[in-house]
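Student: I should like to work through this structure step by step. Could we begin with how its elements are arranged?

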Amino acid sequence: MKISLADTYEALSQQVVNDVVQCLSKAGTPLFCPASGDTPSGVYAELVKQQQQGIINTANWRFVGLDEWGGMNGEDEGSCRFYLNKQLFFPLQTPEENVCFFDGKVEDPLTECERIDEFIDIHKGIDVVVLGLGMNGHIGMNEPGTSPDLHSHVSALDPVTQQVGQKYFSSQKKLLTGLTLGIASIMEAKHVILMVSGEKKASIVKKVIEGEITTEVPASLLRNHPSFSIYMDKAAAGHLKS
Ligand SMILES: N[C@@H]1[C@@H](O)[C@H](O)[C@@H](COP(=O)(O)O)O[C@@H]1O
């Protein structure tokens with residue numbers, strides 16, 4: 001596990017961008033899995049800026065979604081796909097065929113999960129995944145207690161996630177289930193980045209880094225990944241021993 005500390009959110013985002021670009025700047029069609037949520041916004045804004053300035057070229061990048069709320073897709077304001085369309089895919093002018101994303105409105109979510117897993121297999125695995133950290137230690141929508149052996153699956157959302165998830169929506173939503181890459185999918189990625197910002201995450205980040213490696217804190221399992229980097233700002237690192 002590589003731990004990086006930044007003084008500010010801007011510096012944190014810049015560090016993550018540098019890591020992502022280094023991992024994806026290669027020949028062929030690298031596969032990037034970007035989380036939605038508030039934490040990576042600065043990373044996506046910087047990637048868009050670098051593309052517009054000609055510093056990077058994302059034309060050969062492929063994208064796979066990390067997760068989506070059950071019953072929602074990109075047409076729903078506040079959904080994971082809506083967020084990534086707005087922050088990343090539309091400003092990067094990413095062709096639709098280069099993106100594979102959970103549609104939470106499908107009649108058969110299990111077939112939808114198989115579709116996502118197949119896309120990952122066809123692209124020979126995820127090159128880099130950028131994750132945010134749930135207040136309960138979740139990654140994607142892998143809630144405390146989730147089996148580490150799962151690939152894409154339907155998740156029953158923890159009460160903490162149901163409540164915290166309201167922040168993405170302008171009106172109250174029932175957030176009972178999610179479609180998500182599994183912990184096995186994430187552990188098979190070539191490089192895993194966990195990005196954490198703000199004092200409100202300080203106690204859970206302490207468990208992730210200094211606590212027991214346990215399915216009860218899904219992000220702690222990432223410590224077993226051979227290429228795992230955690231990037232934090234000072235506020236998020238405030239409860240760590242050193
Ligand atoms: N399902 C999403 C995750 O993909 C996200 O990374 C995490 C942290 O979100 P935020 O960055 O808004 O704190 O929780 C949400 O529930």
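**Helices and the sheet**

Tutor: In this predicted model, helix α1 (residues 9–24) lies across β1, β2 (31–34), β6 (128–131), β9 and β10, and its direction makes about 170° with that of β9.

Student: Which strands does helix α4 touch?

Tutor: Helix α4 spans residues 109–122 and packs on the sheet. Its direction makes about 145° with that of β3 (62–64). The strands touched by α4 are β2, β3 and β5.

Student: Which strands stand at the edges of the sheet?

Tutor: The sheet is open, and its 7 strands follow the order β1-β10-β9-β6-β2-β3-β5 with parallel pairing. Each edge strand has a single partner, so one side of it is left without a neighbour in the sheet; these strands are β1 and β5 (99–100).

Student: Which residue in β10 stands opposite L194?

Tutor: Strands β9 and β10 run parallel and are joined by 5 bridges. Opposite L194, in β10, stands I230.

Student: Within what arc do the buried residues of α7 fall?

Tutor: Helix α7 (residues 202–210) has as its buried residues A202, I204, V205, V208 and I209. Seen down the axis of α7, they line one face of the helix, because they fall within an arc of 160°.

Student: What covers the buried residues of α7?

Tutor: The buried residues in question are A202, I204, V205, V208 and I209. Their cover includes the strands β1 (2–6), β9 (191–196) and β10 (228–233).

Student: Which residues does the UniProt domain annotation cover?

Tutor: The unreviewed UniProt entry carries the annotation "domain: Glucosamine/galactosamine-6-phosphate isomerase". The annotated span is 33% helix and 14% strand, and its end C-alpha atoms lie 24 Å apart. According to that record, the annotation covers residues 8–223.

Note on methods:
Residues numbered from 1 in each chain as written. Predicted model: local features only at pLDDT ≥ 70, side-chain atom pairs only at ≥ 80, totals over all residues. Heavy atoms only, no water. UniProt positions renumbered as here; feature names shortened; annotations may be inferred. Helix = DSSP H or I, 4+ residues; strand = E, 2+ residues; numbered from the N terminus. Buried < 20%, exposed > 50% of the residue type's maximum accessible area, 1.4 Å probe, protein only. Arc of directions from axis to C-beta. Contact = heavy atoms within 4.5 Å. Pairing = 2+ DSSP bridges. Axes fitted to C-alpha atoms, helices over the stretch in contact; angles between N-to-C directions.
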